[in-house]
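User: I am new to protein structures and would like to learn how to read one feature at a time. Could you take me through an example?

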Amino acid sequence: MQLARIVGTVVATRKDDNLRGLKLLLVQPLAPDGRPSGRSLVGVDAVGAGVGETVFFVRGREASFPFLPRQVPTDATVVGSVDHWSAGAAGGRAPGEKQA
Amino acid sequence: MRLGRVVGTVVATRKSARLDGAKLLLVEAMTAGGVPSGPVTLAVDAAQAGVGDTVLLLLEGRAAGAALGRRAAPVDAAVVGIVDAIETGS
């Protein structure tokens with residue numbers, strides 16, 4: 001999986017039927033210090049994530065597993081919303097959305 | 001598999017049901033000489049590893065799910081061993 005931030009949403013009215021009703025998120029992978037790392041991608045939401053949230057996503061065939069038995073055609077799915085993470089000196093707390 | 005070093009941990013209470021209870025580690029791939037090489041991956045811990053450990057990093061979904069011991073777990077990476085020593089050369 002990869003640490004990432006939701007930087008936007010994608011709307012596609014004409015799409016594969018098995019993608020109907022699922023939220024498409026614009027996902028920017030992050031390095032452990034919180035800076036963007038690599039290209040952004042479109043992932044399907046499986047945990048109710050919103051723009052600005054720090055999350056992690058899974059790639060490959062396993063990205064369809066959260067929706068089984070429905071066969072969702074996705075190669076990237078957001079499967080976790082991060083409360084906080086630590087990485088050496090870096091690390092961080094998810095900005096704002098986690099009230100105590 | 002790749003050699004890696006655990007550089008951090010991630011806490012995520014809201015996650016896919018099949019990940020409940022799984023410990024999440026940030027692992028940086030490295031060469032046999034210990035030089036970082038490649039992006040930092042978020043992996044499920046199947047070896048009770050901790051920050052600073054040198055580990056075996058599995059980077060394939062089906063095997064990672066098997067290492068976690070859960071059917072159809074949405075994972076694509078797992079720490080499956082803690083490395084004690086690396087010997088290279090003749």
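Analyst: What follows is a set of short lessons on a predicted model, each moving from a general idea to a case in this structure.

User: Let us begin with the outline of one chain. How many helices and strands are there in chain A, and in what order do the elements run?

Analyst: Chain A has 0 helices and 7 strands, and read from the N terminus its elements run β-β-β-β-β-β-β. Of its 100 residues, 47% count as buried. Among the contacts in chain A between residues at least 6 apart in sequence, 50% join residues at least 24 apart.

User: Which strands of chain A does β1(A) pair with, and in which sense, parallel or antiparallel?

Analyst: A general idea helps before the case: in a regular strand the side chains alternate between the two faces of the sheet. In this model, strand β1 of chain A, residues 2–10, pairs with β4(A), residues 54–59, in the antiparallel sense over 4 bridges, and Gln2(A) has Phe57(A) as its bridge partner there. Strand β1(A) is also joined to β2(A), residues 24–29, by 6 bridges, again running antiparallel, and in that pairing Ala4(A) stands opposite Pro29(A).

User: What should I look at where chain B and chain A touch, and how much area is buried between them?

Analyst: The size of an interface is often given as the accessible area lost when the parts come together. Here the area buried between chain B and chain A is about 2100 Å², and carbon and sulfur atoms give 55% of it. In terms of residues, 27 of chain B are in contact with 27 of chain A. The rule finds 14 residue pairs in polar contact across this interface, both residues being at pLDDT 80 or more. The side of chain B that touches chain A draws two or more residues from each of several elements, among them β1 (2–11), β4 (36–45) and α1 (61–68) of chain B. By class, that side has 16 nonpolar, 6 polar and 5 charged residues.

User: Which residues form the salt bridge across the interface, and which strands pair between the chains?

Analyst: The rule finds 1 salt bridge across the interface of the two chains, and it is formed by Glu53(A) and Arg14(B), with the closest N and O atoms 2.9 Å apart. As for strands, β6 of chain A, residues 84–87, pairs with β1(B) in the antiparallel sense over 4 bridges, and within this pairing Trp85(A) stands opposite Val10(B).

User: How many salt bridges does the structure hold over all chains, and where might I look for one inside a chain?

Analyst: Over all chains the structure holds 5 salt bridges. One of them joins the side chains of Asp45(A) and Lys23(A), at 4.0 Å from N to O. This pair links distant parts of the chain, since Asp45(A) is in strand β3 (residues 41–45) and Lys23(A) is in the loop between β1 and β2 of chain A, 22 residues apart. Asp45(A) is buried, with a relative accessible area of 10%, whereas Lys23(A) counts as partly exposed at 38%. In chain B, the side chains of Asp45(B) and Lys23(B) meet in a salt bridge at 3.3 Å.

User: Is Thr74(A) buried or exposed, and why?

Analyst: Thr74(A) counts as buried because its relative accessible area is 14%, which is under the 20% cut-off. Thr74(A) sits in the loop between β4 and β5 of chain A, and its side chain reaches the backbone oxygen of Ala76(A) at 2.7 Å. Leaving aside neighbours within four places in sequence, the contacts of Thr74(A) include Val44(A), Gly60(A) and Phe67(A).

User: Finally, which backbone features should catch my eye, and where is there a cis peptide bond?

Analyst: Most residues other than glycine have a negative phi, and most peptide bonds are trans. In this model the peptide bond from Leu68(A) to Pro69(A) is cis, with omega near 5 degrees, and Pro69(A) lies in the loop between β4 and β5 of chain A. Gln48(B) has a positive phi of about 55 degrees although it is not a glycine; Gln48(B) is in the loop between β4 and β5 of chain B and counts as exposed at 65% relative accessibility. Ala72(B) likewise has a positive phi of about 55 degrees, but Ala72(B) counts as buried at 10% relative accessibility, and its place is in the loop between α1 and β6 of chain B.

Notes:
Residues numbered from 1 in each chain as written. Chains lettered and ligands numbered in written order. Predicted model: local features only at pLDDT ≥ 70, side-chain atom pairs only at ≥ 80, totals over all residues. Heavy atoms only, no water. Pairing = 2+ DSSP bridges. Contact = heavy atoms within 4.5 Å. Buried area = accessible area lost by both parts, 1.4 Å probe. Polar contact = N/O pair within 3.5 Å; in protein donor to acceptor, adjacent residues only side chain to side chain. Nonpolar A, V, L, I, M, F, W, Y, C, P; charged D, E, K, R; others polar. Buried < 20%, exposed > 50% of the residue type's maximum accessible area, 1.4 Å probe, protein only.
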